[in-house]
Amino acid sequence: MTTSEPAAPPTAATGDDHLQPGETLARLYPEAAVGGFTRHDGFVDFYTRVNALLTPESEVLDFGAGRGQWAHDPMPATHLALRSFHERVRRVVGIDVDTAVISNPTLEDALVVPPGSPIPYPDQSFDLVLADYVLEHVTEADAPGVAAEVLRVLRPGGWFAARTPNKWGLIGLGARSVPNHLHTRVLSRLQPGRKAEDVFPVEYHMNTRRHLARLFPEPNRLVVYGHSSEPTYMGNSVPAWRAAQFLDRLTPPRLASTLMVFVQKA
């Protein structure tokens, strides 16, 4: 399940540690000049928590690792440091339905796994399973099996950490209103820097609190909270960003655009 992460906040793509916020981001979030991220940055929020769950002895499965988009595309140094946890743990392996995962430079081992197939690792192999913008691509038929397999390969006390659009949030509603075959065309206009190879069909069967509670039942521990990041999906239009910011302020937390999902295996 190759990820379809929203584009990172616009930056001057210099490819080094001195990326500067794009004009729209800098205008509406001036704090981005300090470290390259805003107070609403979902990447920083999510990966700060992921790193807090890791130790030098941790073994991690990147579920839907893809080509390692984050390792190829320019990003602020703070983001890169948080995401490069493969340098600080025992090992990170990855699986994906796309053969692009074989070229992912951040994985110790990479396997192509057809949709709905078992995870090809033994029981209790990992301390953490990561799924960053992946759950929205899982079909209704595959969702129960995916959840069961994630729990199977986790060690007791281990964590499943996922970031995914809320089915009932602005991003989820917008994505579901556009037919899958038009996603690449629409996103190329909203996010000119988005590569077609990083756009994938969406399903939204693991993307509500009710879905997650059913798929990861007690005695496992489920923690879910909503998050609204900068509206980078609105392109570079300042009026469009301001409109999205206004909608976010009116939106109840349960309808926030992104769900941060953490499941601790009993």
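Biologist: Given that Glu57 forms a salt bridge with Arg90, how many residues apart in the chain are these two?
Modeller: In this predicted model, where residues are numbered from 1 along each chain as its sequence is written, local features need pLDDT of at least 70 and side-chain atom pairs count only at pLDDT 80 or more, while totals for chains, interfaces and linings use all residues. Side-chain values use heavy atoms, with hydrogens and water left out. The closest N and O atoms of Glu57 and Arg90 are 2.2 Å apart, which meets the criterion of a Lys or Arg side-chain nitrogen within 4 Å of an Asp or Glu carboxyl oxygen. Glu57 sits in the loop between helix H2 (42-52) and strand E1, and Arg90 in the loop between helix H4 (77-83) and strand E2 (helices being DSSP runs of H or I with at least four residues, strands runs of E with at least two, numbered from the N terminus), so the pair links distant parts of the chain, and the separation is 33 residues.

Biologist: Is Glu149, which forms a salt bridge with Arg152, buried or exposed?
Modeller: The closest N and O atoms of Arg152 and Glu149 are 2.8 Å apart, and the two residues, three apart in helix H5, are separated by about one helical turn. Arg152 has 22% relative accessibility and counts as partly exposed, because that class lies between buried (under 20% relative accessible area) and exposed (over 50%), with a 1.4 Å probe and protein chains only. Glu149, with a relative accessible area of 15%, is buried.

Biologist: Which element gives the most residues to the largest nonpolar core?
Modeller: Such a core is a set of buried Ala, Val, Leu, Ile, Met, Phe, Trp, Tyr and Cys residues joined through side-chain atoms within 4.5 Å, and the largest one has 29 residues, of which Leu61, Phe63, Ile119, Val129, Phe160, Met206 and Phe216 touch the most other members. Strands E1, E2, E4, E5 and E7 and helices H5 and H8 each supply at least two residues of this core. The element that gives the most, with six residues, is H5.

Biologist: Which residues of H5 is Ile119 in contact with, leaving aside its neighbours within four places in sequence?
Modeller: Contact requires heavy atoms within 4.5 Å, and by this criterion Ile119 reaches Leu61, Phe63 and Ile95 among others. Helix H5 spans residues 143-153, and the contacts of Ile119 that fall there are Glu149, Val150, Arg152 and Val153.
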